[in-house]
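Reader: I would like to go through this structure by question and answer. Please explain each term when it comes up.

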Amino acid sequence: MLLNLRSIARVLVCLAVWVLQMPAHALTAAQVKAIADGESDDRVAALNEAAAAGDPGLEAFVQALLDDAVKVDGDKVFIVRDDKAVDAATGAPVALPESAADVVNNNRMRGALNSALAALKMLSTDVVVRREAVTELLKESLEEAQLPLIEKAYAAETDPKLKASLERMRATILISASDKAKRLDAAALLGSSREPTVASLLQERLAPGVETDPEVRAALTQSLDALRSRLAWGERLGVVFTGVSLGSILLLAALGLAITYGLMGVINMAHGELLMIGAYATYVVQNIFRSYLPGAFDYYILAAIPLSFLASALVGAAMERSVIRWLYGRPLETLLATWGISLVLMQGVRTLFGAQNVPVENPAWLSGGVQVMGNLTLPFNRIAIIVFAALVLLGVALLIARTRLGLFVRGVTQNRKMAACVGVNTARVDTYAFALGSGLAGLAGCALSQVGNVGPDLGQGYIVDSFLVVVLGGVGQLAGTVYAALGLGVLNKLLEGWAGAVLAKIMVLVFIVIFIQKRPQGIFAMKGRSAEA
């Protein structure tokens with residue numbers, strides 16, 4: 001008697017475990033037949049109906065269909081993998097009839113299968129899987145038959161961003177619903193979006209002959225106007241950010257020139273080539289890290305920054321000691337000599353690295369960007385350049401104002417003879433100051449390598465703009481250089497959007513000419529003995 005009770009208990013336990021392991025809802029033979037065989041419209045309808053029911057067995061069947069691993073014979077549907085067949089409805093191993101035929105999926109059916117697979121993954125417990133599923137589903141064309149599953153996922157979603165995406169997907173489907181009230185609700189909901197794709201959807205609905213109800217058309221028009229106004233702010237902020245980014249690059253390029261030209265009075269036409277040397281130094285460091293330190297490649301830029309400064313500073317010091325020191329006070333001869341040096345440097349780079357541009361890769365942490373609005377993404381590399389320019393500016397300001405070298409540079413600039421009388425080695429100070437200005441150009445080249453092409457002609461595109469920045473800001477004035485660089489960057493980008501790149505350059509040049517005519521000393525005039533010299 002006791003033995004029988006124990007046997008019955010074991011059977012009950014096994015049955016309970018088997019029941020718990022069974023899926024909550026299994027595909028029926030009729031469902032798999034409807035999904036696998038028939039007209040495309042009927043198959044898509046059956047697929048969406050099964051997906052809306054949330055059948056846990058559907059995902060494996062859909063994947064088998066996408067893998068072309070499904071065969072049909074009469075009312076029976078089989079999944080065949082590794083020459084072994086199972087019944088698609090029950091999962092039981094069966095013998096595959098010789099008359100079984102492959103299921104053929106056209107492009108429309110494959111799109112519906114991909115959408116269903118992504119929709120099923122939206123119910124996953126893993127937020128990463130759900131995020132990937134929503135992204136994949138947004139690429140496909142949404143149908144009203146998918147609405148129940150999307151609403152089910154929306155009700156269960158806890159992530160705010162994914163919930164908002166699901167809500168927009170729901171509205172995208174309802175905007176073409178047969179019920180007028182649903183279309184009105186969808187129009188109001190889409191009007192609060194910040195996505196450019198939603199604006200395209202609203203425009204499509206407002207096309208002649210698409211939406212015929214006057215009330216719905218009015219709601220669509222109102223939502224489209226609100227969305228365009230919101231997107232316009234994203235475009236304006238994007239222009240300002242791009243202008244500040246360009247201004248930061250101009251600031252880096254002009255800071256060195258503000259010392260060599262603004263403080264020392266040397267018209268250095270090879271300044272652009274010093275910038276180019278910094279960019280090529282970054283390229284060399286990148287290749288060294290790729291070859292010998294591949295595990296630390298993402299940090300090569302940290303080593304490239306000081307080395308690009310050092311490379312350009314050494315070239316600048318050699319220029320000053322060998323040529324420029326003999327030409328102080330002779331601006332025309334200095335201009336011609338440095339122009340000749342620039343040609344020599346460009347040809348030297350062509351000989352060493354070739355005439356073609358060389359690739360400089362962003363580290364992983366400088367790739368991508370921050371999406372502020374639907375139509376506004378701020379790239380990490382440009383954000384880094386803005387921060388880098390601010391740090392370099394702070395370092396230069398502290399160096400000039402608070403260090404012994406800065407004191408000597410200011411003293412020699414204001415009165416060279418008096419500085420020499422009190423024991424300052426003016427020749428050495430000239431070399432240090434010129435090397436500093438050249439090294440800053442190398443830092444600009446290092447930054448430029450992260451946003452553009454690196455080639456022998458890199459510096460030619462920035463030398464004129466750098467001189468314009470220094471002259472506009474006020475010769476010898478670091479604060480004026482900052483204002484002029486950022487102002488010219490933003491102004492140039494604003495005018496580009498209005499008149500095009502070529503006309504924008506011309507208009508900026510005309511503006512600077514008129515400004516200098518009215519205020520020759522620039523934004524900030526030099527004061528004290530320097531102004532009297």
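Author: Helices (H or I, at least four residues) and strands (E, at least two) are DSSP runs, numbered from the N terminus. Residues are numbered from 1 along each chain as its sequence is written. The model is predicted, with local features needing pLDDT of at least 70 and side-chain atom pairs counting only at pLDDT 80 or more, while totals for chains, interfaces and linings use all residues; side-chain values use heavy atoms, and hydrogens and water are left out.

Reader: Between which helices is D159 found?

Author: D159 is in a loop. The helices on either side are α7 (147-156) and α8 (160-174).

Reader: Which side chain of opposite charge is nearest to D159?

Author: Lys and Arg count as positive and Asp and Glu as negative; His and the chain ends are not counted. A salt bridge needs a side-chain nitrogen of Lys or Arg within 4 Å of a carboxyl oxygen of Asp or Glu. D159 has no salt bridge, although it is buried (under 20% relative accessible area; exposed is over 50%, partly exposed in between, with a 1.4 Å probe and protein chains only). The nearest side chain of opposite charge, 4.0 Å away, is R131.

Reader: Which residues of β3 are buried?

Author: Strand β3 covers residues 84-87, and its side chains alternate. K84 and V86 point to one face and are not buried. Pointing to the other face, and buried, are A85 and D87.

Reader: What is the bridge partner of I79 in β3?

Author: Two strands pair if DSSP finds at least two bridges between them. Strand β2 (residues 76-81) and β3 run antiparallel and are joined by four bridges. In β3, the partner of I79 is V86.

Reader: Which residue in the turn between β3 and β4 has a positive phi?

Author: β3 and β4 (residues 93-94) pair in the antiparallel sense over two bridges. Their hairpin has five residues between the strands. The residue with a positive phi, about 80 degrees, is G91.

Reader: Which helix gives the most to the largest nonpolar core?

Author: A nonpolar core is a set of buried Ala, Val, Leu, Ile, Met, Phe, Trp, Tyr and Cys residues joined through side-chain atoms within 4.5 Å. The largest has 74 residues, and L252, Y300, V392 and L440 have the most contacts inside it. With 12 residues, the helix that gives the most to this core is α11 (residues 214-263).

Reader: How many residues has the other core, which lies apart from it?

Author: Among the residues of this other core are V72, I79, V103 and L220. Its number of residues is 60.
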